[in-house]
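Hi everyone, thanks for making time for this. I'd like to walk you through a structure I've been looking at, so let me put it up on the screen.

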Amino acid sequence: RSRRACMLVTHSTINGNLISSCGGHPEADSGVLQSVYKTFFCGDYQHNCRNQRLPIHAFQPPYGATVQQPHGAQLGISELIPGTAGYITSVSPAGVRIHTIGGLCVSDFAVNGMMCGTPHLESKTTHVSVGGCHSKIYCLDLYQNLRVVSSHSLQSDVGVMTLSSNNNKQALVAGCSDGTLRFIDGRMRGAELARIKSHTGGVTGVTSSGDGTLVATTGFAAKSHVSPVPVGLYAYPDPHILVYDVRYLGRGGIVHPFSGMKGSPRILSFLPDISNQPRNRVLAG
């Protein structure tokens, strides 16, 4: 079969006009996509879809096709990291790329299974850190063709589902598939500064406040069989946001219920501080 590509589209923020549209990333091989699904979303995609009727609020991977369609599951760009001078870093299971505002690919780091990324601490314009289903976090130099500057390894069966930079602790905050939140030395010397249990079924979203004192997370509450057909596992979404104070991690996260309709928050971001407004406001969707 011919390989599909996921699109990278650029619009103007002034009038919404289309600036460019191009094939941003090729689709990863089916074996890579199955590995991503197994690590992050429990079990085999095609097997689960054939044998289970998932709940209406199912937190599923962003695949755009069903198993009945010719090409089966698909997964494209999962993270966009803004840069300077019109450049942007894109992350997908097929690799990591740097694109110009017109869509031209200027650098390509061909590593499979990547799912998330973040600007590396205060060096927002020079380095990015990326992670995925291969139990490694890579720090890449944007000005040296995405050369690997350093890396950090987790246990072999743990995937990195989401990343955020925390300048208060000079650390990368990694939300992992085993339900832990890990603070990793930003200098990437292999040191894990802290590890706390967060969402039982896996951490899918993490964001740090502007001053770095707070970290908010969302994720799966548990992984369980779906009735009435007990085949495979389903990760039930957690209807709560957990907020941690990085100065007192031992106290655990403060629970904030999310009043979504039969679901849970999937996207989190701290809003910039505005005068005459409360600090450290979180936007959740």
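**Strands, turns and a pocket**

Let me start with a hairpin: β11 and β12 are joined with 4 residues between them, and in that turn Gln 170 has a positive phi of about 50°. Before I go on, please keep in mind that this is a predicted model.

Staying with this hairpin, β11 and strand β12, residues 171–176, pair in the antiparallel sense over 6 bridges. If you want one pair to look for on your screens, Ser 164 stands opposite Val 173 in β12. How many residues of β11 are buried? For β11 the count is 7 of its 7 residues, so this strand is mostly covered, taking buried as under 20% relative accessible area.

Now let's zoom out to the sheet. There are 4 strands in it, in the order β11-β12-β13-β14, with antiparallel pairing, and the sheet is open. Which strands are at the edges? They are β11, residues 160–166, and β14, residues 192–197, and each pairs on one side only. For those of you who like angles, neighbouring strands of this sheet are turned by 20° against each other on average, direction ignored.

At the β14 side, strand β13, residues 180–185, pairs with β14 in the antiparallel sense over 5 bridges. Phe 183 has Ala 194 in β14 as its bridge partner.

Let me jump to another hairpin, the one made by β1 and β2. Strand β1, residues 5–11, and strand β2, residues 18–26, run antiparallel and are joined by 7 bridges. Here Val 9 has Ser 21 in β2 as its bridge partner. The hairpin has 6 residues between the strands, and Gly 16 takes a positive phi near 80°.

That brings me to backbone angles in residues other than glycine. Where is Ser 135? You'll find Ser 135 in the loop between β8, residues 127–132, and β9, residues 136–141. Its phi is near 60°, a positive value in a residue other than glycine. Is Ser 135 buried or exposed? Ser 135 has a relative accessible area of 4%, which is under the 20% cut-off, so it counts as buried.

Leu 146 is another one to look at. Leu 146 lies in the loop between β9 and β10, the latter being residues 147–153. Phi of Leu 146 is positive as well, near 60°. With a relative accessible area of 1%, Leu 146 is buried.

While we're in this part of the chain, have a look at His 127, which lies in strand β8. The side chain of His 127 makes a polar contact with the side chain of Thr 126, at 2.8 Å. Leaving aside residues up to four places away in sequence, His 127 touches Pro 119, His 120, Cys 139, Leu 140, Asp 141, Leu 142 and Val 149.

Leu 142 also takes us to my last stop, because it is among the residues that line the second largest pocket. The lining also includes Gly 83, Thr 84, Ala 85, Tyr 87, Ile 88 and Thr 89, and further along the chain Ile 98, Val 106, Ser 107, Thr 125 and Tyr 143. About 190 Å³ of space lies in this second largest pocket. Which elements give two or more residues to its lining? They are β4, residues 88–92, and β6, residues 105–109.

That's my tour, and I'm happy to go back to any part of it.

Definitions and conventions. Residues are numbered from 1 along each chain as its sequence is written. This is a predicted model: local features need pLDDT of at least 70, side-chain atom pairs count only at pLDDT 80 or more; totals for chains, interfaces and linings use all residues. Side-chain values use heavy atoms; hydrogens and water are left out. Buried means under 20% relative accessible area, exposed over 50%, partly exposed in between (1.4 Å probe, protein chains only). A polar contact is a pair of N or O atoms within 3.5 Å; within protein, one must be able to donate a hydrogen and the other to accept it, and residues adjacent in sequence count only if both atoms are side-chain atoms. Contact means heavy atoms within 4.5 Å. Two strands pair if DSSP finds at least two bridges between them. Axes are lines fitted to C-alpha atoms, for helices over the stretch in contact, and angles run from 0 to 180 degrees between N-to-C directions. On a 1 Å grid over the protein atoms alone, a cavity is a set of points where a 1.4 Å probe fits but cannot get out, and a pocket is an open set with protein on both sides within 12 Å along at least five of seven lines; lining residues have an atom within 4 Å of a point. Grid points are joined across faces, edges and corners, and a volume is the space filled by probe spheres set on the points.
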